[in-house]
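Visitor: I would like to learn how to read the features of a model like this one. Where should we begin?

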Amino acid sequence: MTFAGKNIVLGVTGSIAAYKAVEIASRLKKAGASIHVIMTREAKEFVTELTFREITGCPVASNMWDKVHAYNVEHIALAKLADLVLVAPATANVIAKLACGIADDMLTATLLATRAPIVVAPAMNTNMYENRITQRNLTELKSRGIQVIEPASGQLACGTSGKGRLPEPHEIIAALEGLICAGMPLAGTRILVTAGGTIEPLDPVRYLGNRSTGRMGYAIAAEAVRRGAAVTLISGPSVLPEPAGVSRTMVETAREMHDAVLAAYNDVDVVIKAAAVADYRPKTAAKNKIKKQDGEITLVLTRNPDILLELGEKKQHQILVGFAAETQNIERYAREKLQKKNLDFLVANDVSEKGAGFGVETNHVKLFSADGSVQEYPLMQKQELAGIILDHIAACLEA
Ligand code: CTP
C-alpha cells in the first residue's frame with residue numbers, strides 16, 4: 001500500500017553492499033513501486049546493469065552522455081519523476097558530493113535536481129564512517145531534510161568489525177516505509193472531495209450556473225494525495241486538470257452530484273464538500289431551445305437536494321467538512337449550517353472580500369469546529385489552506 005504506484009529512484013554506488021540493492025529493488029517492485037535504478041561507474045564493478053534491468057523491468061541510467069539525442073534529459077526526467085530517491089548503498093564519496101552539491105555524474109546530478117525526498121543508506125569501512133569529515137557531511141545532509149538510515153554494526157567485508165554495514169534489505173524497506181508513512185499522515189484514509197459548481201439546464205443550450213471554478217476542492221484533493229490519502233474527487237464542470245493520483249468523476253447537475261456522492265459515502269472516512277451546489281434548478285428543462293419572444297419570461301425554479309444535509313443525517317463514522325460562501329453575517333450562518341448539517345468542520349469565507357472568493361488562487365477563511373471553537377486564518381494560497389484543513393482532519397482522526 002505504502003509503495004504502490006510510487007516512482008522510486010534507486011541510486012546504487014560502488015560498495016560491496018551493492019548486491020543488497022538488487023534485493024531492495026526486487027522487494028520494492030513486488031510492493032507495487034516502479035523502480036528506476038541509477039548506477040555510478042564504480043557500482044558497475046560490483047553488479048551489472050542487466051541484473052537491475054531484469055529485476056525492475058526498467059532501463060538503468062548511468063552515463064549522462066548516452067542519450068544526448070533524446071529530448072528528455074534523463075537526470076532531469078528522473079529527478080522530476082521521482083516520488084522518492086533512495087541511495088543504497090551510499091559510499092562516503094557520494095555522501096560527500098551530495099553534501100557539497102557536486103553533480104558530476106547521473107546520480108549526483110539527479111540528487112541535486114530532485115525535489116523529492118531523499119534517503120541515503122551509508123555503507124563503508126568503520127574508519128571512513130567515523131571520520132569527522134563523513135560525520136560532518138551526514139550532519140549537513142540531515143540539516144537539509146535528507147533522511148539517513150543508520151548503518152548497522154558487524155563484520156565488514158574489509159575484515160574489520162564495527163559500524164558501517166548496510167542494513168539488511170528488509171530493514172531498509174521497513175525504515176523507508178516508516179519515513180514514507182511519517183510524511184503521509186493520511187495514509188490509509190479514504191477521502192471524498194467535491195469541487196466546482198453544478199450547472200442546471202434550462203434548455204439544450206443554456207444553463208443556470210455559479211462562479212465556482214473548483215480551485216479550492218482541487219487543491220484539497222491534490223494535497224490529500226500528497227499526504228497519502230486515497231482520494232475520490234466528484235467535480236462539476238471545470239477546466240482544471242485531474243490532479244495526479246486522484247480518481248475523478250465529472251458530473252453536471254446537483255442531482256448527478258448527489259447520486260455520485262451518496263454512492264461513494266459508505267466507503268469513505270472523510271467528505272469535504274467544497275462544491276458550490278445549486279440550491280435550485282429550472283423546474284422543467286425545455287427539450288428544444290427556448291426561442292425569444294416579446295416581453296418578460298418567467299422561470300420557475302424547484303429545490304435541489306441538499307447533499308450535505310443528507311450526509312449529515314446518514315452520518316456514521318465519517319468526518320464531514322462543509323464550506324460556506326457568504327456575503328454577510330458569516331458567523332451566524334456558519335454556526336447554523338455546522339449544526340443543521342451535523343458537520344465536524346465548516347470553512348466559511350466572505351466571497352464579497354477581495355482575494356477570498358471564486359476564481360482566485362487565494363482564500364481568507366474562518367474555520368468553525370463542532371466543539372464550538374473558531375479559528376481565523378489570514379489571506380493565503382488555496383493550497384496552503386488545503387493543508388490546514390487536512391491538518392484538522394488528521395488531528396480529528398487521531399483523537
Ligand atoms: N451543499 C450541498 N447541497 C446543496 C447545497 C449546499 O451539499 N444543495 C453543501 C455545499 O457543498 C457546502 C455546504 O452545503 O459544503 C454549504 O453550502 P451553502 O451554499 O453555503 O449553504 P446552503 O445550505 O445552500 O445555504 P444558503 O444557500 O442558504 O446559504
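The dialogue below goes through the domains, the sheet, the cysteines and the ligand.

Guide: Keep in mind that this is a predicted model. A sensible start is the division of the chain.

Visitor: Into which domains is the chain divided?

Guide: Domain 1 covers 7–180 and domain 2 covers 190–398. Taken over C-alpha atoms, the centres of domain 1 and domain 2 are separated by 44 Å.

Visitor: How do I read a sheet, and what is the order of the strands in this one?

Guide: Note the order of the strands, then the sense of pairing, then the edges. Here five strands form an open sheet, ordered β2-β1-β3-β4-β5, with parallel pairing. The edges are taken by β2 and β5 (147–148); each has a single partner strand, so one side of each has no neighbour in the sheet.

Visitor: How many bridges join β1 and β2?

Guide: Strand β1 (residues 7–12) pairs with β2 over six bridges, in the parallel sense. Individual residues show the register: Val-9 is opposite His-36 in β2, and the bridge partner of Ile-8 in β2 is Ile-35. As for the connection, the chain leaves β1, passes through helix α1 (residues 18–30) and reaches β2 in a right-handed β-α-β crossover.

Visitor: And which residue of β3 stands opposite Ile-8?

Guide: That residue is Leu-84. β1 and strand β3 (residues 84–90) are parallel and pair over four bridges. Elsewhere in the sheet, strand β4 (residues 118–122) runs parallel to β5 and is joined to β5 by two bridges. One pair there is Val-119 with Gln-147 in β5.

Visitor: Why can β1 be called largely enclosed?

Guide: Count the buried residues, meaning those under 20% relative accessible area. In β1 six of the six residues are buried, so the strand is largely enclosed by the rest of the structure. Asn-7, Val-9 and Gly-11 point one way, Ile-8, Leu-10 and Val-12 point the other way, and all are buried. For β2 (residues 34–39), five of the six residues are buried, so this strand too is largely enclosed by the rest of the structure.

Visitor: Next, the cysteines. Are Cys-58 and Cys-100 buried or exposed?

Guide: Compare the relative accessibility with the cut-offs: under 20% is buried and over 50% is exposed. Cys-58 has 16%, so it counts as buried. Cys-100 has 57%, so it counts as exposed. As for disulfides, the structure holds zero.

Visitor: How should I read the ligand site, and how many residues surround the ligand?

Guide: Begin with the surrounding residues, then look at pairs of polar atoms. The ligand is surrounded by 14 residues, and the closest are Lys-273, Ala-275, Leu-308, Lys-337 and Lys-341.

Visitor: Which ligand atom lies 2.7 Å from a backbone N or O atom of Lys-273?

Guide: An oxygen atom of the ligand. Nitrogen atoms of the ligand also appear in such pairs: one is 3.0 Å from a backbone N or O atom of Ile-307. In the case of Asp-306, an N or O atom in the side chain lies 3.5 Å from a nitrogen atom of the ligand.

Methods:
Residues numbered from 1 in each chain as written. Predicted model: local features only at pLDDT ≥ 70, side-chain atom pairs only at ≥ 80, totals over all residues. Heavy atoms only, no water. Buried < 20%, exposed > 50% of the residue type's maximum accessible area, 1.4 Å probe, protein only. Pairing = 2+ DSSP bridges. Right-handed = clockwise from strand over helix to strand, strands pointing away. Domains from an automatic or database assignment. Disulfide = S-S within 2.5 Å. Near = heavy atom within 4 Å. Polar contact = N/O pair within 3.5 Å; in protein donor to acceptor, adjacent residues only side chain to side chain.
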